[in-house]
Structure formats: structure tokens, C-alpha cells
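Biologist: Please pick one part of this model and take me through it closely. Start with the whole, then narrow down.

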Amino acid sequence: MAKKLIQLTARDIILQADAETIREAFEARVKIDDLLAKREEAYRQIEAIELQVEELVGEEGAFVYPEPPVPVAGFGKPAPASRPAPPKPKPAPKPASEKVEEPGEGDAAKPAPAKAKPEPEEK
């Protein structure tokens, strides 16, 4: 279990700490630096994998990744998918002759279209 940490200045370390404590702290820092390097390499591998997936899919951001299986230190909860969901395709626009605007759509100052008069029936 880790010891309780106290703030030390460079002066405290130089004048009051014994050599063994300084050596242990240095060795711990070297181990931490090695682990951080491994962590960075792991992120680079994840990036390479994601690029390969994008190449297979043929489009950047089209594949939505699931949440990471474990939380990552420094980022709180597991991060949501690293890529946003792709936008839904817009429906094809209807030809202008068939387009019917709903009330309230379009320009408010535009007058409402006149209703077609029914043709008189022939007798």
C-alpha cells in the first residue's frame, strides 16, 4: 500500500531525505515513465486498428465503436464511441410539381395557393 504523500520542496529532498528514500522514489518514477510509454504505445495501436477498420469500411466515421470494456484513468467514465454516429441519409427530394407544403412551412408572407376549382360535369 502506498505511503501518505507529503509535499516536498527540492530543499527538503536535498537536505532532509536519506539516500535510500531518494533511490526508491527515483526507481518508482522510472517504472511510472515506462508504464506511461507502454500506455502511449497502446493508444497508437488502437489508432492503427481504427484506421484499418475505416479502410475496410471505406468511409471515415461510418463505423460506430462500442464503449471501451474498462474505464480509462483520467477520463472518468468509459468514453462513448470514439466516432459519432453517421448522419441519417436525407430522403430524396420530391419533384417540384408534386411537392406540397404543409401549413406553417415555407415563407410566411407567401400567400396560400389557390384551390383548384372542380371542373363542371358534362351532361
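**From the whole surface to one patch**

Modeller: The protein exposes about 12400 Å², an area from the Shrake-Rupley method with a 1.4 Å probe, where only the protein chains shown count as cover for residues. Carbon and sulfur atoms supply 60% of that area. This is a predicted model: local features need pLDDT of at least 70, side-chain atom pairs need 80 or more, and totals for chains, interfaces and linings use all residues. Residues are numbered from 1 along each chain as its sequence is written, and side-chain values use heavy atoms, without hydrogens or water.

Of the protein's 123 residues, 4% count as buried (under 20% relative accessible area; exposed is over 50%, partly exposed in between). The protein has 2 helices and 0 strands (DSSP runs of H or I, at least four residues, and of E, at least two).

Now the patch. Ile6, Leu8, Ile13, Ile14, Leu15 and Ile22 form a nonpolar patch on the surface. Together they have about 600 Å² of accessible area. Patch members have over 30% relative accessible area and no salt bridge (Lys or Arg side-chain nitrogen within 4 Å of an Asp or Glu carboxyl oxygen), and nonpolar side chains are joined within 5 Å. Helix H1, residues 10-16, gives the most to the patch, with 3 residues. Ile22 lies in helix H2. Ile22 counts as partly exposed because its relative accessibility is 36%.

Follow H2 onward. It covers residues 19-57, 39 in number. From first C-alpha to last it reaches 57 Å, close to the 57 Å expected (1.5 Å times one less than its number of residues). Just after H2, Gly58 takes a positive phi of about 90 degrees.

Definitions and conventions
Patches are made of residues with over 30% relative accessible area and no salt bridge: like charges are joined within 9 Å, nonpolar side chains (Val, Leu, Ile, Met, Phe, Trp, Tyr) within 5 Å. Buried means under 20% relative accessible area, exposed over 50%, partly exposed in between (1.4 Å probe, protein chains only).
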